[in-house]
Amino acid sequence: MIDIAWNNFTPWSALGGGILIGLAAASFILLNGRIAGISGILGGLLTPAKDDILWRLAFLGGLVGAPLLWLLVADLPPIRIEAGYPAVIIAGLLVGIGTRYGSGCTSGHGVCGLSRLSVRSLAATASFMGAGFVTVYVIRHLLGV
């Protein structure tokens, strides 16, 4: 049974956030000719080309800086992670491995690739969403963790 907390259901802010993400991804490809895939942008810093570092640092700095700017206006929502450090570390490593094998992440495939009607991105997005659904079901419902 799914229980929706209607007091916390915020469709307008979710819609606004989705529109902003779409506009940012579209602007990034139109103005820079690049896909706004976070794993690719971060990964490009590990073996950077000569003129390829500054924009990557600016992009990642914006991801970190946006919540800091938000703090000037309002409090950030509380973060609650119901897992221990070992589970979080293992999950992070598995996501990192998955993005390497899948040649991209949720932003690269799910946002940018699907909007370009990429069949490869559709397969990747279906795979990682399906794996996420199965993982949550097994951990929460079968194992009871």
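## Close-up views of a helical chain

**View 1. Serine 103 sits in the loop that links helix H4 (85–101) to H5.** This is a predicted model, so keep that in mind as you look around. Check the backbone angles here: phi of serine 103 comes out near 55 degrees. That is a positive value, and the residue is not a glycine.

**View 2. Now pull back to see the whole protein chain, built from 6 helices and 0 strands.** Reading from the N terminus, the elements go α-α-α-α-α-α. The C-alpha atoms would fill a box of roughly 50 × 40 × 35 Å, with the box laid along the principal axes. How much of the chain counts as buried? Of its 145 residues, 14% do. The exposed surface adds up to about 11600 Å², and carbon and sulfur atoms supply 72% of that area. Take the contacts between residues at least 6 apart in sequence: 32% of them join residues at least 24 apart. As for charge, the chain has 8 positive and 5 negative charges, and the mean positions of these two groups are 13 Å apart.

**View 3. Here is the largest nonpolar core, with 6 residues in all.** Its members are Ala25, Phe28, Ala36, Ile41, Leu60 and Cys112. Which residues does isoleucine 41 touch, once those up to four places away in sequence are set aside? The list is Phe28, Ile35, Ala36, Trp55, Arg56, Phe59 and Leu60. Phe28, Ala36 and Leu60 may look familiar, since they are listed in the core as well.

**View 4. Zoom in on serine 107, a residue of helix H5.** Is it buried or exposed? Serine 107 has a relative accessible area of 15%, so it is buried, as the cut-off for that is under 20%. A polar atom of its side chain lies 3.0 Å from the backbone nitrogen of isoleucine 38. Leaving out residues up to four places away in sequence, serine 107 touches Ala36, Gly37, Ile38 and Cys112. Two of these, Ala36 and Cys112, turn up in the largest nonpolar core too.

**View 5. Leucine 117 belongs to the loop between H5 and H6.** Its phi is near 60 degrees, another positive value in a residue other than glycine. Is leucine 117 buried or exposed? With a relative accessible area of 73%, leucine 117 is exposed, because the label applies over 50%.

**View 6. Serine 118 is in the loop between helix H5 (106–115) and helix H6 (119–142).** Its relative accessibility is 18%, so serine 118 counts as buried. What does its side chain reach at 3.1 Å? That would be the backbone nitrogen of serine 121. A polar atom of the serine 118 side chain also lies 3.4 Å from the backbone nitrogen of arginine 120.

Conventions. Residues numbered from 1 in each chain as written. Predicted model: local features only at pLDDT ≥ 70, side-chain atom pairs only at ≥ 80, totals over all residues. Heavy atoms only, no water. Helix = DSSP H or I, 4+ residues; strand = E, 2+ residues; numbered from the N terminus. Buried < 20%, exposed > 50% of the residue type's maximum accessible area, 1.4 Å probe, protein only. Polar contact = N/O pair within 3.5 Å; in protein donor to acceptor, adjacent residues only side chain to side chain. Core = buried A, V, L, I, M, F, W, Y, C linked by side-chain atoms within 4.5 Å. Contact = heavy atoms within 4.5 Å. Areas by Shrake-Rupley, 256 points an atom, 1.4 Å probe, with all protein chains shown as cover. Lys, Arg positive; Asp, Glu negative; His and termini not counted. Charge placed at Lys NZ, Arg CZ, Asp CG, Glu CD.
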